[in-house]
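Colleague: I have a chain on my bench list and would like to talk through its fold. Could you bring up the structure?

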Amino acid sequence: MSDSGHQQTFETVSAGASHTFPMQCSALRKNGHVCIKGRPCKIVDMSTSKTGKHGHAKVHLVAIDIFTGKKMEDLSPSTHNMDVPNVARTEYQLVNIDDGFLNLMTNDGTSKDDVKVPDSEVGQQIEEAFEDGKDLL
């Protein structure tokens, strides 16, 4: 028998990793991360209330969306699980600014050229600091 009719083609592969993992509310900490209303946020303030007559202790979270900067709040029982995003922080060194795009380099020397200079005040600060000859990370 021929195996030619049973060949499979895989277009994409994935490690099966999730974007979030569950963590109990009481284990969350300030400056950590949490998902509120499906958005990844950094916790800036949290407080725990005592148990009520018939209820659980509650955790009040105040967090900032890491992409939009919006302030978000959530109130949840301390024994319940919340989603925590897998956040990886990578530092890049600015090498050059070319045609409105940043030329960046990682610690291992890999180049990244697809980041556009922000149109905001931050973009102006980056360009001014680069023109002054400062090393930017």
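Modeller: Here is the protein, and we can go through it topic by topic. Please keep in mind that this is a predicted model.

Colleague: How many helices and strands does the protein have?

Modeller: The secondary structure comes to one helix and nine strands. Read from the N terminus on, the order of the elements is β-β-β-β-β-β-β-β-β-α.

Colleague: And what share of the residues is buried?

Modeller: Of the 137 residues in the protein, 20% are buried.

Colleague: Let us turn to β2 and β3. In which sense do they pair?

Modeller: Strand β2, residues 33-36, and strand β3, residues 39-48, pair in the antiparallel sense, over four bridges. The two strands form a hairpin with two residues between them. In that turn, K37 has a positive phi of about 55°.

Colleague: What is the bridge partner of C35 in β3?

Modeller: The partner of C35 there is P40.

Colleague: What about the stretch before β2, where is R29 found?

Modeller: R29 is in the loop between β1 (20-24) and β2. Its C-alpha is 7.7 Å in space from that of M46, although R29 and M46 are 17 residues apart in sequence.

Colleague: Is R29 buried or exposed?

Modeller: R29 counts as exposed, because its relative accessibility is 54% and the exposed class begins over 50%.

Colleague: Changing topic: how many salt bridges are there?

Modeller: The count comes to two salt bridges. One of them joins the side chains of D65 and R39, at 2.8 Å from N to O. D65 belongs to strand β4 (residues 58-65) and R39 to strand β3, so this pair ties together parts that are 26 residues apart in sequence.

Colleague: Are those two residues buried or exposed?

Modeller: D65 is buried, with a relative accessible area of 4%. R39 is partly exposed, at 33%.

Colleague: Which side chains meet in the other salt bridge?

Modeller: That salt bridge is between D114 and K112, at 3.3 Å from N to O. D114 is exposed, with a relative accessible area of 55%, and K112 is partly exposed, with 27%.

Colleague: Why can such side chains pair at all?

Modeller: Side chains of opposite charge can pair when their charged atoms come close.

Colleague: Now pockets. How much space lies in the largest pocket?

Modeller: The largest pocket holds about 420 Å³ of space. It is lined by 14 residues, and the closest to its centre are T90, E91, Y92, L104 and L137.

Colleague: Which elements give two or more residues to that lining?

Modeller: They are β7, β8 (101-105) and α1 (121-131). The largest share of the lining, three residues, comes from α1.

Colleague: Last topic, the surface. Which residues form a nonpolar patch?

Modeller: I66, F67 and V87 form a nonpolar patch on the surface. Together they have about 300 Å² of accessible area.

Colleague: Where is V87 found?

Modeller: V87 lies in the loop between β6 (81-85) and β7 (93-98).

Colleague: What is its relative accessible area, and why does V87 qualify for a patch on that count?

Modeller: V87 is partly exposed, with a relative accessible area of 43%. Patch residues need over 30% relative accessible area, so V87 passes that cut-off.

Definitions and conventions
Residues are numbered from 1 along each chain as its sequence is written. This is a predicted model: local features need pLDDT of at least 70, side-chain atom pairs count only at pLDDT 80 or more; totals for chains, interfaces and linings use all residues. Side-chain values use heavy atoms; hydrogens and water are left out. Patches are made of residues with over 30% relative accessible area and no salt bridge: like charges are joined within 9 Å, nonpolar side chains (Val, Leu, Ile, Met, Phe, Trp, Tyr) within 5 Å. Accessible areas come from the Shrake-Rupley method with a 1.4 Å probe; for residues, only the protein chains shown count as cover. A salt bridge is a side-chain nitrogen of Lys or Arg within 4 Å of a carboxyl oxygen of Asp or Glu. Buried means under 20% relative accessible area, exposed over 50%, partly exposed in between (1.4 Å probe, protein chains only). Two strands pair if DSSP finds at least two bridges between them. On a 1 Å grid over the protein atoms alone, a cavity is a set of points where a 1.4 Å probe fits but cannot get out, and a pocket is an open set with protein on both sides within 12 Å along at least five of seven lines; lining residues have an atom within 4 Å of a point. Grid points are joined across faces, edges and corners, and a volume is the space filled by probe spheres set on the points.
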